[in-house]
Amino acid sequence: MSRATLAIYRARWQRFSSQLQARWQPLALREKRMVAGMALVLVGLLIWLTLVKPPLARITFWQNETPKLRAQTEALEVLLRSVTVRPQGQSVDQSLEQSLQAAGLAGHYQLQAAEGGAWQLNVDAAPADALLDWLLSQPSQLSLQVVEAQLQRASAASTEVTAGTLSGTVRMDQAQGAKEAS
């Protein structure tokens with residue numbers, strides 16, 4: 001700012017100040033107290049509206065919103081935990097084999113590919129709990145759905161498997177709307 005501009009603003013301030021004093025002086029003491037009180041009320045209102053109320057509103061909003069966001073986060077975490085991503089480049093055949101092995105069904109199954117993305121799983125004396133757990137979780141994660149299951153309790157009773165053993169055939173097809181990822 002140049003000195004000329006500063007001088008203009010100083011002159012305006014002095015003129016405003018002198019006008020304000022000229023109007024203030026003739027007021028009675030009671031009127032001066034009322035004007036000062038109203039000025040304090042206006043300053044307080046301005047401080048409330050600009051500095052206090054917006055942060056309080058923001059705090060209230062986030063207190064209401066945080067539980068909703070936590071619930072959504074929990075639901076999303078549950079969903080993400082239930083989804084296993086097939087490693088890139090791994091075929092459905094490899095993924096099925098790997099999940100069957102991980103479920104403890106090694107040596108109890110034969111997996112055969114059929115046409116149209118269908119699969120047939122033949123099981124022989126497979127642990128019932130491991131097979132049923134696998135059937136309830138894994139096919140859907142590989143975009144397959146169990147279409148038909150013909151299972152029966154295996155005749156030989158085993159002392160090491162308390163839930164029993166199952167033998168039979170399970171047919172799985174590509175889930176509707178799922179695309180084959182190769």
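Q: Which residue just after α4 takes a positive phi?

A: Ser 143 does, with a phi of about 60 degrees. The model is a predicted one.

Q: How many residues does helix α4 have, and what should they span?

A: The helix covers residues 128–141, which makes 14 residues. At 1.5 Å a residue they should span 20 Å, and the end C-alpha atoms are 20 Å apart, so the expected and computed values agree.

Q: Where does α4 bend?

A: The bend is at Leu 135 and amounts to about 35 degrees. A proline, Pro 139, follows within four residues.

Q: Which residues of α4 are buried?

A: A residue counts as buried under 20% relative accessible area. In α4 the buried residues are Ala 128, Ala 130, Leu 131, Trp 134, Leu 135, Gln 138 and Pro 139. Leu 135, where the helix bends, is thus on this list, and so is Pro 139.

Q: What do the buried residues of α4 pack against?

A: They pack against helix α3 and against three strands: β2 (119–127), β3 (144–153) and β4 (165–174).

Q: Is Ser 99 buried or exposed?

A: Ser 99 has a relative accessibility of 11%, and because buried means under 20%, Ser 99 counts as buried. Ser 99 is found in helix α3, residues 92–102.

Q: What does Ser 99 touch, leaving out residues up to four places away in sequence?

A: Ser 99 touches Trp 134, Gln 138 and Leu 142. Trp 134 and Gln 138 are among the buried residues of α4. With Trp 134 there is also a polar contact between the side chains, at 3.0 Å.

Q: Where is Ser 91, and how is its accessibility to be read?

A: Ser 91 lies in the loop between α2 (29–82) and α3. Its relative accessible area is 29%, so Ser 91 is partly exposed. From C-alpha to C-alpha, Ser 91 and Leu 142 are 10.0 Å apart in space, while 51 residues separate them in sequence.

Q: In which sense does β4 run relative to β2, and how many bridges join them?

A: The two strands run antiparallel and are joined by seven bridges. As one point of register, Gln 120 stands opposite Arg 171 in β4.

Q: How many bridges pair β3 with β4?

A: Nine bridges pair them, again in the antiparallel sense. Here Leu 151 stands opposite Gly 168 in β4.

Q: What is the general rule for side chains along a regular strand?

A: They alternate between the two faces of the sheet. In this structure, the strands to inspect with that rule include β2 and β4, which run antiparallel, and β3, which pairs with β4.

Terms used. Residues are numbered from 1 along each chain as its sequence is written. This is a predicted model: local features need pLDDT of at least 70, side-chain atom pairs count only at pLDDT 80 or more; totals for chains, interfaces and linings use all residues. Side-chain values use heavy atoms; hydrogens and water are left out. Buried means under 20% relative accessible area, exposed over 50%, partly exposed in between (1.4 Å probe, protein chains only). A polar contact is a pair of N or O atoms within 3.5 Å; within protein, one must be able to donate a hydrogen and the other to accept it, and residues adjacent in sequence count only if both atoms are side-chain atoms. Contact means heavy atoms within 4.5 Å. The expected span of a helix is 1.5 Å times one less than its number of residues. The bend at a residue is the angle between axes fitted to the seven residues ending there and the seven starting there. Two strands pair if DSSP finds at least two bridges between them.
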